[in-house]
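Reader: I'd like to learn how to read a model like this one, feature by feature. Could you walk me through it?

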Amino acid sequence: IPYFGTTLTTWLWGGFAINDPTLTRFFALHFILPFAIISASSIHILLLHNGGSNNPLGTNSDIDKIPFHPYHSYKDTLMLTMMITLLFIILSFYPNILNDPENFSKANPLVTPQHIKPEWYFLFAYGILRSIPNKLGGALALVLSITILFTTPFTHTSYTRSMMFRPLMQLTFWTFATTLIIITWTATKPVEPPFTEIGQLASFLYFTFFMANPLIGLAENKISNFT
């Protein structure tokens, strides 16, 4: 990052190289982050309880509500029990099923693994980063691939909130979902043709979706006005 990249790196590392302060800072971040997520989830549930939620049709649903308990509390308790049971089965009988073989190799600070990659839920962002040859451009695209998700509530221009009656938007959404899967897949492959070209095309389609979303909504509004 120009101008302040070196200063930012030194501040994150806690020095001029990765050392004990770096590990302490990132460990503290991983410790605090779950509590921040729990706090945000609690606020979300509180607002949901007080203000209610939307429905697929976008109409007022205050006249047709049911109590949270026992209708939803029993269902959520059953699902939570099933998830915890599955987690304990994996931990007890198949502890290595989700591990990467590289995790069993002895750590060597002088040797970098040949195909280093993040966890699967970050692979789409890593694939976008890797698809751009320029280092600065790749870093900006990586940050933009996450931050652009927060713009979707503000770029919704259609009169209809649900996609149930919007076939063009349904097609666009499933194209976007397929693109996301392709980016994730290419991020696990070596940096060589044809995976590089496929990743670049999929990354272009990824950002195109967010630019096409408001335009599709405006077009659907005009069509609905004519009908």
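Author: Gladly. One caution before we begin: this is a predicted model. Let's start with a single side chain and its surroundings. Setting aside neighbours within four places in sequence, isoleucine 128 is in contact with Ala141, Ser145, Ile183, Ser203, Tyr206 and Phe207.

Reader: Which residues touch the most other members of the largest nonpolar core?

Author: The general idea comes first: in soluble globular proteins, nonpolar side chains tend to be buried together. In this model, the largest nonpolar core has 14 residues, and Ile128, Ile183, Tyr206 and Phe210 touch the most other members. At least two residues of this core come from each of H4, H6 and H7. H7 gives the largest share, six residues.

Reader: How many cavities of 30 Å³ or more does a search of the whole structure find?

Author: The search finds one. Its volume is about 80 Å³. The lining consists of Gly127, Arg130, Ser131, Thr186, Ala187, Pro190, Val191, Phe195, Thr196 and Gly199. Helix H4 (123-131), helix H6 (167-187) and helix H7 (195-226) are the elements that give two or more residues to that lining.

Reader: What is the make-up of the lining of the largest cavity by class?

Author: There are four nonpolar, five polar and one charged residues in the lining.

Reader: Now for exposure. Is alanine 125 buried or exposed?

Author: The cut-off to keep in mind is that buried means under 20% relative accessible area. Alanine 125 has 4% relative accessibility, so this residue counts as buried. Alanine 125 lies in helix H4, and its contacts, not counting residues up to four places away in sequence, are Leu142, Ser145 and Ile146. For a sense of distance, alanine 125 and leucine 8 are 117 residues apart in sequence and 21 Å apart in space, C-alpha to C-alpha.

Reader: Why does threonine 22 count as buried?

Author: Threonine 22 counts as buried because its relative accessibility is 4%. This threonine is found in helix H2 (residues 20-51). Leaving aside neighbours within four places in sequence, threonine 22 is in contact with Leu12, Trp13 and Ala17.

Reader: And what is the relative accessible area of asparagine 221?

Author: The value is 7%, so asparagine 221 is buried. Asparagine 221 lies in helix H7. With neighbours within four places in sequence left out, its contacts are Thr157, Ser158 and Tyr159.

Reader: What is the relative accessible area of threonine 208?

Author: Here the reading falls between the two cut-offs, under 20% for buried and over 50% for exposed. Threonine 208 is partly exposed because its relative accessible area is 26%. Threonine 208 lies in helix H7.

Reader: Which backbone oxygen does the side chain of threonine 208 reach?

Author: The side chain of threonine 208 reaches the backbone oxygen of phenylalanine 204, at 2.6 Å. Sequence and space can be read together too: threonine 208 and phenylalanine 176 are 32 residues apart in sequence and 9.1 Å apart in space, C-alpha to C-alpha.

Reader: One last feature, the backbone torsion omega. Which residues does a cis peptide bond join?

Author: For this feature, look at the omega angle of the bond. The cis bond joins proline 193 and proline 194, with omega about 0°. Proline 194 has its place in the loop between H6 and H7. These two helices are among the elements that give two or more residues to the lining of the largest cavity, and each of them supplies at least two residues of the largest nonpolar core.

Terms used: Residues numbered from 1 in each chain as written. Predicted model: local features only at pLDDT ≥ 70, side-chain atom pairs only at ≥ 80, totals over all residues. Heavy atoms only, no water. 1 Å grid on protein atoms, 1.4 Å probe; cavity = no way out; pocket = protein on both sides within 12 Å on 5 of 7 lines; lining within 4 Å. Points joined across faces, edges and corners; volume = space filled by probe spheres on them. Helix = DSSP H or I, 4+ residues; strand = E, 2+ residues; numbered from the N terminus. Nonpolar A, V, L, I, M, F, W, Y, C, P; charged D, E, K, R; others polar. Core = buried A, V, L, I, M, F, W, Y, C linked by side-chain atoms within 4.5 Å. Buried < 20%, exposed > 50% of the residue type's maximum accessible area, 1.4 Å probe, protein only. Contact = heavy atoms within 4.5 Å. Polar contact = N/O pair within 3.5 Å; in protein donor to acceptor, adjacent residues only side chain to side chain.
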